[in-house]
Amino acid sequence: MEIRDRIVVIEDDSSILNLLKTLLKANNYDVLVTASGAEALTIISSHCPDLVILDLGLPDMDGTGLLRSLREWSSIPVIVLSARAHEKDKVEALDLGADDYITKPFGTSELLARIRSALRHRRTAMDAGLAMQNGVLHIGSLTIDYNKHRVLKNDRDVGLTQTEFRLVALLGRYAGRVITYDMILREIWGPNLKNDNRILRVNMANIRRKIENHPAEPEFIFTEAGVGYFLREPD
Ligand code: CA
């Protein structure tokens, strides 16, 4: 028997809700829907879904508040689906732990592709967690060795500084997912350097020079303009 992925849709616009319900069922997903943020948290904790699609403007709470509560106890993939199109809304949602952000109006085939991608990242993250148990992550010709604190390219140490290694190690832990500039700065340099992206850009340029064949056309670390960076998924 086929095991279907279960998706919770949190949306108060009934026409969008019906569209999503029909679309997702037609694509073999189990679908649970609600227009209430409070009810959504109950559904998620009791039905163990595989993915959440979240509208930000909900009648009983703001979707960002829901995301914040959810992230206190769950790492389930969340795709935000919102009419808010500003870069700062996208950054805020990603900072709070959303996995992806889609602006309304959206194309259904794009949404389905992002859902498949988020589900795949989740599996990859689980696999990466397993790979991490022996402390090594392989991404093509790149190897991140968490025990020896070094990064190898074609089995040769690329000679990262300690800070550069911590940066690559952080991206590796979330491989395939965009990590915002703020999250990286906070994690690597602490809260005081907030909003100083220059030091991050300098370090990233040095890392790319050491690990990429063509730093201007990266194969490993990618830039999401105005938002952050992500590392390619592990093999
Ligand atoms: Ca809404």
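In this tour, helices are DSSP runs of H or I with at least four residues, numbered from the N terminus. With that in mind, A38 has its place in helix 2. The model on screen is a predicted one, and the stops below move from the calcium site through the helices to the sheet at the far end of the numbering.

**Stop 1: the calcium ion**

Select the calcium ion together with D12, D55 and G57, which coordinate the ion through OD of D12, OD of D55 and O of G57, at 2.1 to 2.4 Å. Along the chain these donors follow the spacing D-x42-D-x1-G. Because D12 sits in the loop between strand 1 (6-10) and helix 1 (14-26), while G57 sits in the loop between strand 3 (51-54) and helix 3 (63-71), the pair ties together parts that are 45 residues apart in sequence. If you colour by accessibility, D12 appears as partly exposed, at 37% relative accessibility, and G57 is likewise partly exposed, with a relative accessible area of 36%.

**Stop 2: strand 1, helix 1 and strand 2**

Now select strand 1 and follow the chain through helix 1 into strand 2, since these three elements make a right-handed β-α-β unit. Strand 1 and strand 2 (residues 30-34) run parallel and are joined by five bridges. To see one of the pairings, pick I7, whose bridge partner in strand 2 is V31.

**Stop 3: helix 2, from cap to end**

Move on to S36, which caps the N-terminal end of helix 2 with a side-chain oxygen that lies 3.3 Å from the backbone nitrogen of A38. A38 itself is partly exposed, with a relative accessible area of 41%. Leaving aside residues up to four places away in sequence, A38 touches D60 and M61; A38 and D60 are 22 residues apart in sequence, and their C-alpha atoms are 7.4 Å apart in space.

Which residues of helix 2 (residues 37-47) are buried? Select G37, A40, L41, I43 and I44, which are the buried ones. Looking down the axis of helix 2, you will find that its buried residues fall within an arc of 165°, so they line one face of the helix. In general, an α-helix has 3.6 residues a turn, so residues three or four places apart point the same way. Show the neighbours as well, and you will see the buried residues of helix 2 packing against strand 1, strand 2, strand 3 and helix 3.

Just after helix 2 comes C48, which lies in the loop between helix 2 and strand 3. C48 has a positive phi of about 40° although it is not a glycine, and at 61% relative accessibility this residue counts as exposed.

**Stop 4: helix 3**

Select helix 3 next and bring up G63, T64, L66, L67 and L70, the buried residues of this helix. Viewed along the axis of helix 3, they fall within an arc of 155°, so they line one face of the helix. What covers them includes strand 1, helix 2, strand 3, strand 4 (78-82) and helix 4 (87-95). For a closer look, centre on T64, which counts as buried at 10% relative accessibility and which touches L56, E92 and L96, not counting residues up to four places away in sequence.

**Stop 5: a cis peptide bond**

Go to K104 and P105, where the peptide bond from K104 to P105 is cis, with omega near -5°. P105 lies in the loop between strand 5 (100-103) and helix 5 (108-133).

**Stop 6: the four-stranded sheet**

Finally, select strands 6, 7, 8 and 9, which form an open sheet in the order 6-7-8-9 with antiparallel pairing. Strand 6 (136-139) and strand 9 (156-157) are the edge strands, each pairing on one side only. Along strand 6 the side chains alternate, with L137 and I139 pointing to one face and buried, while V136 and H138 point to the other face and are not buried.

Strand 6 and strand 7 (residues 142-145) are joined by four bridges, and in this pairing I139 stands opposite L142. The two strands form a hairpin with two residues between them, and G140 in the turn has a positive phi of about 60°.

At the other edge, two bridges join strand 8 (residues 150-153) to strand 9, and L152 stands opposite D157 there. The last residue to select is D155, found in the loop between strand 8 and strand 9. D155 has a positive phi of about 70° although it is not a glycine, and D155 is exposed, with a relative accessible area of 67%.

Key: Residues are numbered from 1 along each chain as its sequence is written. This is a predicted model: local features need pLDDT of at least 70, side-chain atom pairs count only at pLDDT 80 or more; totals for chains, interfaces and linings use all residues. Side-chain values use heavy atoms; hydrogens and water are left out. Donors are N, O and S atoms within 2.8 Å of the metal (3.2 Å for Na, K and Ca); water is not among the atoms, so sites may look incomplete. Buried means under 20% relative accessible area, exposed over 50%, partly exposed in between (1.4 Å probe, protein chains only). Two strands pair if DSSP finds at least two bridges between them. A crossover is right-handed if, with the strands pointing away from the viewer, the path from the first strand over the helix to the second runs clockwise. The arc is that of the directions from the helix axis to the C-beta atoms. Contact means heavy atoms within 4.5 Å. A polar contact is a pair of N or O atoms within 3.5 Å; within protein, one must be able to donate a hydrogen and the other to accept it, and residues adjacent in sequence count only if both atoms are side-chain atoms.
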